[in-house]
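Visitor: I'm new to reading structures, and I'd love a close look at one part of this one. Please pick a spot, start there, and then walk me outwards.

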Amino acid sequence: MRTGARIASAAALWVGSFAGLRLSALAPEDCPDSSRAELRAAAGAAGAWIERSQGADGRYVYEYDRDADRVAPGYNIVRHAGVTMSLYQLARAGHPEIVETADAALAVMLDNLAPAGAGAAFVENDTSARLGASALMAAALAQRRDATGDDRYDDELRALGRFLVGQITTGGQMLNVYDLQGEAPIPDQTSRYSTGEAAWAMAQLHNLFPDEGWDVHARRVLDYLATARDEVEGLDLPPWADQWAAYTLAEVSAWGLDEHHVRYARSLAERFGLLVRAESQKDGWPLPFIDTRARGAGLGVWVEGLGALAAAADSDDRLADLRTPLDARVKCGAALLAERQPDRRQAESWNAPSLVEGAWFRYDVTRMDDQQHALSGLLVAAGELGPVGS
Amino acid sequence: MRSLLALLAAVNPIAVAVALWPRERRPTMAAAAAIAVAVAIVCAGVSDPILDALDVTLGTFRVAAAVVLGIAGARWLIVGAPSVAGEGPGGGPGRVVLPLLIPVLLTPQLVMVSVSVGADEGVAVVAVGAAASFALAWLATIVTKRHHVAWIAGVRMVAALAMAVALALAVDGVKTV
């Protein structure tokens with residue numbers, strides 16, 4: 001090869017390599033700056049969306065398409081419980097005015113509380129009860145108690161806890177469905193979401209009522225999550241990015257984590273960290289066309305998980321080396337959430353600005369759990385949430 | 001240890017020797033190797049400003065370095081190390097630049113691995129790793145060689161090492177919080 005051609009080919013190799021990398025694995029990570037006050041304000045705006053979307057029956061708008069200006073039919077009681085839980089988190093973070101809205105949604109759940117097992121479950125029909133709805137209702141009541149100090153629903157909270165305990169099998173696995181007619185858990189049905197939700201609820205029960213033995217059950221399920229769940233339930237690419245398990249680790253860290261919990265916390269931190277890092281690269285062309293931005297719920301979940309793990313790292317020195325990187329990833333993810341949230345001015349260009357402002361959209365659609373998880377993530381990132389009773 | 005292996009794999013001293021087959025003059029090769037070591041050290045020294053300028057974290061850069069090293073390894077594995085000994089001037093400073101530094105010694109994988117290891121473990125590790133790797137490259141280049149086929153097999157063995165190190169680097173990058 002002649003000298004000129006060789007130099008040209010070397011230059012092409014260098015420029016081509018760099019360009020190829022810059023458009024893929026080496027795309028810039030866009031982590032905007034957001035102050036704690038801005039994160040709190042974004043969480044408040046999400047709470048305001050939930051409040052505006054609530055109907056007279058205490059339910060929320062489930063899904064809204066801003067382009068078609070259409071509210072989708074259908075509802076999901078697990079998400080109802082989850083959204084309500086996030087409102088009580090907002091109340092804990094200095095927004096007591098939101099309790100009225102949350103209590104209206106809580107009334108829906110209390111009206112649908114049915115005897116199940118040794119306790120009670122939040123149900124939508126008289127044939128079966130699902131673990132997740134009851135777990136998140138229990139979590140909502142725990143957050144409410146921490147926010148308000150009001151103990152009027154302690155009996156219901158404990159009853160929900162007893163139902164959760166009844167769904168635990170040997171080995172710490174949790175069954176997802178209870179047969180209300182047959183009065184027994186249905187074997188072999190599990191949920192990747194509900195087990196962590198239930199573990200978190202039971203851990204909160206222990207932190208609220210430390211002398212009642214809830215910690216034993218919470219630990220059994222956390223042990224299962226940390227050591228066996230991904231394999232037993234066939235979840236690919238472990239660890240599954242389970243922010244409920246991360247919340248549980250944060251709650252349990254106050255009593256002392258075992259070595260396998262610490263390992264699990266590390267693996268979850270690695271997974272959530274990767275997800276937020278990759279998300280922060282999606283503002284650079286052409287990545288958004290190859291892999292669209294995550295939903296508000298997705299990014300919110302990752303920030304929730306990272307924030308909860310940061311809380312665990314703060315109280316356990318074996319995770320001390322993760323404090324700085326976790327803090328950086330939490331701030332990055334939360335700032336992305338705040339940046340992607342439409343404000344009032346942006347909302348006014350749509351047909352129903354009140355259902356646009358403060359919500360997170362993907363393909364012009366938002367679902368109520370987008371606001372739930374983003375709100376929770378923003379509060380965790382703003383340093384407003386920790387274990388209940390803390 | 002893995003960082004040293006990464007630098008060795010990025011240089012691939014056997015591929016250097018095969019690309020410059022049959023042999024290179026000692027002073028010419030020494031000058032080129034010294035410049036390449038210096039470039040690796042400079043890359044390591046400015047690794048933090050490079051990451052800042054690119055707006056990426058170390059975990060992301062590790063993955064990118066792994067991609068580049070993996071591609072280089074795959075290329076060596078598939079096509080070996082084509083000879084460039086006949087290119088450029090026959091001797092003198094011009095030969096240091098072409099074909100020694102370009103295209104044999106200064107490669108994208110050397111720069112990427114040097115920046116990654118430099119940001120991760122500091123300049124000293126890169127200095128040691130690069131100096132050792134280029135010393136081996138110098139030695140392999142100046143010795144009288146026979147059995148070309150055996151040397152090509154060596155290129156492929158180091159290529160396999162490069163791909164294994166790239167995989168480990170990628171996993172490490174993916175698992176960085």
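Guide: Before we pick a spot, here's the one rule we need: two residues are in contact, or "touch", if their C-beta atoms, placed from the backbone, lie within 7 Å. Also keep in mind that what you're looking at is a predicted model.

Our spot is Ala9(B), which lies in helix H1 of chain B, residues 2-11. Is Ala9(B) buried or exposed? Count the other C-beta atoms within 10 Å of its own and you get 25. A residue with 20 or more counts as buried, so Ala9(B) is buried.

Who are the neighbours? Leaving out residues up to four places away in sequence, Ala9(B) touches Leu69(B), Gly73(B), Val158(B), Leu161(B), Ala162(B) and Val165(B). Take Val165(B) from that list: 156 residues separate it from Ala9(B) along the chain, yet their C-alpha atoms are 7.8 Å apart.

Now step along the chain to Asn12(B), which sits in the loop between H1 and helix H2 (13-19) of chain B. Here the backbone does something worth a pause: phi is near 45°, a positive value in a residue other than glycine. Most residues other than glycine have a negative phi. Asn12(B) is buried too, because 30 other C-beta atoms lie within 10 Å of its own.

There's another positive phi in chain B, at His147(B), where the value is near 55°. This one is in the loop between helix H8 (123-142) and helix H9 (148-174) of chain B. His147(B) has 9 other C-beta atoms within 10 Å, so it counts as exposed.

While we're on backbone surprises, have a look at helix H6 of chain B, residues 93-105, where you'll find Pro99(B). The peptide bond between Leu98(B) and Pro99(B) is cis, with omega about 20°. Pro103(B) is in helix H6 of chain B as well, and a cis bond joins Ile102(B) to Pro103(B), this time with omega near 15°. For comparison, most peptide bonds are trans.

Let's cross over to the other chain. How many residues of chain A are in contact with chain B? There are 22 of them, and they meet 20 residues of chain B. On the chain A side, H1 (3-22), H11 (259-280) and H14 (323-340) are helices that each supply at least two residues. H1(A) has the largest share, with eight residues. Sort the chain A side by class and you get 14 nonpolar, three polar and five charged residues.

Next, look for where buried nonpolar residues gather. The largest nonpolar core holds 124 residues, and those with the most contacts inside it are Ala199(A), Leu309(A) and Leu378(A). Helix H13 of chain A, residues 296-315, gives the most to this core, with twelve residues. You can zoom in on Leu309(A): setting aside residues up to four places away in sequence, it touches Ala246(A), Leu249(A), Ala265(A), Leu268(A), Ala269(A) and Leu326(A). Apart from this core lies another one, of 62 residues, including Leu21(A), Ala66(B), Ala140(B) and Val158(B). Val158(B) should ring a bell, as it's one of the residues that Ala9(B) touches.

Last stop: how some of the helices of chain A pack. Helix H7 (194-208) and H8 in chain A have axes 8 Å apart, at an angle of about 150°. Angles over 145 degrees count as roughly antiparallel, and H7(A) and H8(A) are therefore just that. Among the residues making this contact are Ala199(A), Met202(A) and His206(A) from H7(A), along with Trp214(A), Ala218(A) and Leu222(A) from H8(A). By class, the contact has ten nonpolar, four polar and one charged residues. You've met Ala199(A) already, as one of the residues with the most contacts in the largest core.

H8(A), residues 214-227, also packs with H10(A), residues 243-253: their axes come within 11 Å and cross at roughly 130°. That angle makes H8(A) oblique to H10(A). Here Ala218(A), Arg219(A), Leu222(A) and Leu225(A) of H8(A) meet Ala245(A), Thr248(A) and Val252(A) of H10(A). The tally by class is five nonpolar, one polar and one charged. As for handedness, H8(A) passes H10(A) in a left-handed crossing, and H7(A) passes H8(A) in a left-handed crossing too.

Terms used
Residues numbered from 1 in each chain as written. Chains lettered and ligands numbered in written order. Predicted model: local features only at pLDDT ≥ 70, side-chain atom pairs only at ≥ 80, totals over all residues. Axes fitted to C-alpha atoms, helices over the stretch in contact; angles between N-to-C directions. Helix = DSSP H or I, 4+ residues; strand = E, 2+ residues; numbered from the N terminus. Parallel < 35°, antiparallel > 145°, perpendicular 65-115°, else oblique. Left-handed = near helix turned anticlockwise from the far one by under 90°. Nonpolar A, V, L, I, M, F, W, Y, C, P; charged D, E, K, R; others polar. Buried ≥ 20, exposed ≤ 12 C-beta atoms within 10 Å, placed from the backbone. Core = buried A, V, L, I, M, F, W, Y, C linked by C-beta atoms within 7 Å.
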